[in-house]
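Student: I am new to this structure and would like to go through it by questions. Please show it to me before we start.

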Amino acid sequence: MIIDDQGRALLIKRRDNGHWEPPGGVLEREETIPEALQREVLEETGIKIALPATLTGVYKNMKGLIVSLVFRCQAADGTPTTGEETRALRWVTREEVSDLADEAYAIRVLDAMDAAAPPAIRAHDGVKLV
């Protein structure tokens, strides 16, 4: 999750399903977590992130049996651009997140925006928290 100096988060609109979500993806077998963070964010946003990143939450999709780790990152270089996986990008405030993203993704953004809180541990069904 890229958070800018104004406290906004960068969301992507995915090409495959049209949903607004934070950038992310799957780790490749040979990658470390920081390498995967940098690769996925760069692929989906055109932005290179600064490391280290801060873990802000762990989320389990109870139906899909997928565990996601969410990190708060700062942009180091680049300009937000669309690509193969990204139809649009948008910087959003806390108030705008829930209007754009499904609850299961909006909470990830809100958790990442709360810099003072410990990492959240949550479960969802792919759309709603459970």
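Student: Is Glu31 buried or exposed?

Tutor: This is a predicted model, in which local features need pLDDT of at least 70, side-chain atom pairs count only at pLDDT 80 or more, and totals for chains, interfaces and linings use all residues. Residues are numbered from 1 along each chain as its sequence is written, and side-chain values use heavy atoms, with hydrogens and water left out. Buried means under 20% relative accessible area, exposed over 50%, and partly exposed in between, with a 1.4 Å probe and protein chains only. The relative accessible area of Glu31 is 15%, so Glu31 is buried.

Student: Where does Glu31 lie, and which residues does Glu31 touch, not counting residues up to four places away in sequence?

Tutor: Helices (H or I, at least four residues) and strands (E, at least two) are DSSP runs, numbered from the N terminus. Glu31 lies in the loop between S2 and helix H1 (33-45). Contact means heavy atoms within 4.5 Å. Not counting residues up to four places away in sequence, Glu31 touches Val26, Ala36 and Arg39.

Student: What separates the C-alpha atoms of Ile12 and Pro22?

Tutor: Ile12 has its place in strand S1, and its relative accessible area of 2% makes it buried. Beyond its neighbours within four places in sequence, Ile12 is in contact with several residues, including His19, Trp20, Pro22 and Leu89. Pro22 is 10 residues from Ile12 along the chain, and their C-alpha atoms are separated by 6.0 Å.

Student: Which strands are the edge strands of the open sheet of 3 strands?

Tutor: Two strands pair if DSSP finds at least two bridges between them. The order of this open sheet is S2-S1-S5, with antiparallel pairing, and 6 bridges join S1 to S5. Each edge strand pairs on one side only: these are strand S2 (20-21) and strand S5 (86-92).

Student: Which residue in S5 stands opposite Leu10?

Tutor: Strands of a sheet pair through backbone hydrogen bonds, either parallel or antiparallel. S1 and S5 run antiparallel. Opposite Leu10, in S5, stands Trp91.

Student: What are the bridge partners of Lys60 in S4 and in S6?

Tutor: Strand S3 (residues 47-61) runs antiparallel to strand S4 (residues 66-78), with 11 bridges joining them. S3 also pairs with strand S6 (residues 120-124), in the parallel sense and over 5 bridges. For Lys60, the partner in S4 is Val67, and the partner in S6 is Ala123.

Student: Which residue in the hairpin of S3 and S4 takes a positive phi?

Tutor: This hairpin has 4 residues between the strands. The positive phi, near 55 degrees, belongs to Leu65.

Student: How many residues does H3 give to the largest nonpolar core?

Tutor: A nonpolar core is a set of buried Ala, Val, Leu, Ile, Met, Phe, Trp, Tyr and Cys residues joined through side-chain atoms within 4.5 Å. Helix H3 (residues 103-113) is mostly covered, with 10 of its 11 residues buried. The largest core has 19 residues, of which Met1, Ala9, Val97, Val109 and Met113 touch the most other members. S1 and H3 each supply at least two of its residues, and H3 gives the most, with 8 residues.

Student: Which residues does Val97 touch, not counting residues up to four places away in sequence?

Tutor: Val97 is among the residues of the largest core that touch the most other members. With residues up to four places away in sequence not counted, Val97 touches Val92, Ala106, Val109 and Leu110.
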